[in-house]
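Trainee: I would like a close look at one part of this assembly, namely the surfaces through which its chains meet. Could you take me through them slowly and in a connected way?

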Amino acid sequence: MIGSLFGVLFDGFAYGMLLFLLSVGLSVTLGMMNFVNLAHCAFAMLGGYVTVTLMNGLGWPFLATLPFAFLGAALLSILFERVLYRRLYRASELDQVLLTIGIAFVSVAVAAYIYGTVQQPVQMPAYLRGSITILGHTFGVYRLFLIATSLVITLLLVAALEYTRFGAQVRAAVDNQRMARGLGINVDGAFALTFALGSGLAGLGGALAINIVGLDPAFAFTYLIYVLIVVSVGGLGSIGGSFVAATLIGISDVAGKYYVPQLGAFLMYLVMIVLLMWRPAGLFGRR
Amino acid sequence: MRKTLIALCGAVAAMFAASAASAQTVKIGIILPYSGQFADAATQLDNAIKLYVKQHGDTVAGKKLEFIRKDTGGIAPDVAKRLAQELIVRDKVDILAGFLLTPNALAGGDISNEAKKFMVVMNAATAIITTKSPYMVRTSLTTPQVNAPLGTWAYKSGIRKVYTMASDYGPGLDAEGAFSGAFKAAGGEVIGTVKMAVANPDFSAYVQRAKDLNPESIYVFVPGGAQPPAFGKALAERGIDPKKIKVLGQGEITDDAALKSMGDLALGVITAFHYDPNHQSAMNKKFVADYNADYHRNPDFFSIGGWDGMHAIYESLKKTSGNTDGEKLIGAVKGMAWESPRGPISIDPETRDIIQTVYIRRVEKVDGKIVNVEFDKVENVKDPVKAKMKTN
Amino acid sequence: MSAITAQNTAQNTPQAYLRAQARWTPVEIAFWLATLAPYWLFPDYLSLASQIAITALFALSLDLILGYAGIVSLGHAAFFGLGAYTAGLVSKHIWGEPISGLIAGALVAGIVGYAASFIIARFRHLALIMITLGMGLLLTELANSMHWLTGGNDGLQGVKMWPILASFRFDLFGRTAYGYSLIVLFLAFLVARRITNSPFGLSLRGIRENAIRMPALGAASRAHIRTIYTISAVMAGIAGGLLAQTTETVSLEVLGFQRSADVLVILILGGTGRLYGGLVGAIVFMVARDQFSGNTPQFWYFWIGTLLILVVMFLPNGILGGLARLTERWRRA
């Protein structure tokens, strides 16, 4: 039983890492500018489709497509930010919800038009398939890859936030936007860049997710719920919060399904509700 | 005064022309989930309908066929019911067709019953659907129809213990129930079972549970689409090899998209199903070739349900010489038998449900391609659930 | 500086304000008369009209908590679904009399709403949204597991309604369904109107604007929120019951996230806090969906998405909000 516990924890952690990649962008941008971007998972979906197009259409190896998944989502988000989002920073939250849901709807239709509604089959390279056994425990190779990638990205993000000037500006803007502006920090510019970064990470997450959960035009909405759960439990504007929340959600989901399958999907929602009732601002939230 | 007279004559003439025209057309309303998460399945079914009409012409028994398509957006029985109502009341359709999803088919059945209209269910697979209306016929399959023979076959082939895993929703419970029932009736033992979350399942936990019991074989049911490949990968990650531990299931888990995604991981999986594009018959080879020519992909079980549904409509209309009365059409289709690309099929005159051959297939590599190879079959399988209802 | 006359103060009292708001404008009267038009103008569309009326009632219930008390709920379909399943189960197991089934649905939704309101009243912002979402999702899972009661994925079978008041049978054309739904909608609307144009309604608006200040003014903030939430739950339950009875089907979608999200979009589209916003939004959204999905089913998402984007860019605060701004500009010009 202990052996399988370890396996369950590992799988849950890997799943949590995927959720983290998909959510961290939304958490930071929501915390920074209070802009409700429900089209976030549409960018993730875009990253997935970039990978599919490059792999199946042009025959690129999987790893080579990942930076482009990131870039594609980041660039498109910059476009949207300039043209549409910028006008609604002062608008009510409900208007932002409506706009971004509209964008998500359009993205689903466009994806269906270009790629069809079928599940995108993607074959991982041989070195990322199957499992390896260490000390009697089997670990999925792809999940190991996922965990490794996410940890590297987390370290990069934290380092950027703590040790660079740009990171300091972002932190200032999240803490107190008015003050930051007053000090002459270009908050709008910092936000645009952070937004691009967050959407790019979502795109990367979408590409990495294909092998675990598949890709079809409905992706933009299916994963929105889980992303919102991670963001709200973790606390807005906090990378550490997203990390811990994603891990918690991932592990409780897998552990729940292993030990008490009758509860199935219940457990994730229960955990979320309990955590939010205990800490309404999220585990690491500021307000 | 003269202008009014001319207008009146024109109107009367138009009325006659219109009614004459309507007497010459048969309107068919197709209700499918063209948008939403089942859109791909609806597309496959609709493609087959279009292909059949293209190959057989749109005139039957001297009447022209007119198709009106309506979208339910997914599982939405209230919408399906309203669309069926509107098709009959507003568009004056003579026949209702399509119905991919069970809740929508059940709702449509109510309307078919009340309006006494011929209804052809082309996919929805829950057994009780055809009991909803005496004017309804089904040309696809029922879940127990393909899973019960698998249970019996499994025991016959030497398997004695099985661990069952099924998604926790209607079709999953139906399938697992039919399989386990038949397996146990033959003498086998179900050593454990687990119900899996329908949405967003991360299979590793469930597969680990199965592995803990070290089963001789595993039976699995998951909805088609993204889940079969995810399940296959979970098996590989946990070190379960389908060539050593037998993996059994309904054919959806090894359809084209799933096989493409799983690759070698799927080799050895044994499934029971009523149709595979790889079925070796001259008729099927032509069907697959024609389908690929128009739509650049293989047909699947959604397509075959649509194809045979259209065949049922055409042949029934021919038998009634174009009379679209519900009673006459259902009378014509009862007992009808024909050769389909899937094999020989017929319509049970008592239940108006489909009787067909269930094939047992194994995933193998043939000429470098991963396909389902049929190696055994059970012929003339009726829906076991309704058969049992009769004897009770 | 104008003299503060007795007349001025009489006209500026809250009671006078409320009295002025409570008067029926000609536009409102025209609107309600127009709802009878489908019987003559669109007799083939009465089923759609009745589903629009039901959605409008559901949106109205959400407006009470969102538009007037500022509570954003992503799980409101829970009450809609509770009402639907209760009404369906009453018909299946007890009897098919419609009005009593509707009342049963309203009661069950109200009781659960009252219990939930204790939790709801404590939270705000994102935590509130996610808690309501989570509760809705939990209820859906519960309904799926209890398939011996709810029929699970296949839906509840065996729902058969008797004629209303023993004379109006639910017919294939939807005539009875539309009349029934419309009358219930109108009665609920009258109640909602009465509530919002009352001192209680004013205090709700105060809570929406500044929840921290209100207790300082002496308004029992949390109790108010609980009250309006319960009322809203009852109304949503009635809407759900109507759907179950007019379509004689109930399936898991009545509880689902999709339905909660749809009604939120509809309300924001029409304009929150105006009572008519939900009604207008429901009409526009459902007619658009019906038309778009008829022509190019796979791509109706595209047109709906575009419609939403355009509305946000050009009509902030929803359709009614935008119209109000336009008429004001026109009146001033």
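Mentor: What follows goes through the chain contacts in turn and ends with the domains of one chain. Please keep in mind that this is a predicted model.

Let us begin with chain A and chain C, where 30 residues of chain A are in contact with 26 residues of chain C. On the side of chain A, helix H4 (93-115), helix H10 (224-234) and helix H12 (266-278) are the elements that give two or more residues, and H4(A) provides the largest share, with 14 residues. By class, this side of chain A divides into 26 nonpolar residues, 3 polar and 1 charged.

Turning to chain B and chain A, the contact takes 28 residues from chain B and 30 residues from chain A. Here the side of chain B draws at least two residues from each of helix H2 (39-56), strand S8 (189-196), helix H7 (204-212), helix H8 (227-237) and helix H9 (256-262), and the largest share, 6 residues, comes from H7(B). The residues on this side of chain B comprise 11 nonpolar, 8 polar and 9 charged.

Within chain B itself, the domain assignment gives domain 1 (2-141 + 282-352) and domain 2 (144-273 + 358-391), whose C-alpha centres lie 32 Å apart. Between these domains of chain B, 10 residues of domain 1 are in contact with 14 residues of domain 2, and the side belonging to domain 1 has 4 nonpolar, 4 polar and 2 charged residues.

Methods. Residues are numbered from 1 along each chain as its sequence is written. Chains are lettered from A and ligands numbered from 1 in the order in which they are written. This is a predicted model: local features need pLDDT of at least 70, side-chain atom pairs count only at pLDDT 80 or more; totals for chains, interfaces and linings use all residues. Two residues are in contact if their C-beta atoms, placed from the backbone, lie within 7 Å. Helices (H or I, at least four residues) and strands (E, at least two) are DSSP runs, numbered from the N terminus. Ala, Val, Leu, Ile, Met, Phe, Trp, Tyr, Cys and Pro count as nonpolar, Asp, Glu, Lys and Arg as charged, and the others, Gly among them, as polar. Domain bounds come from an automatic or database domain assignment.
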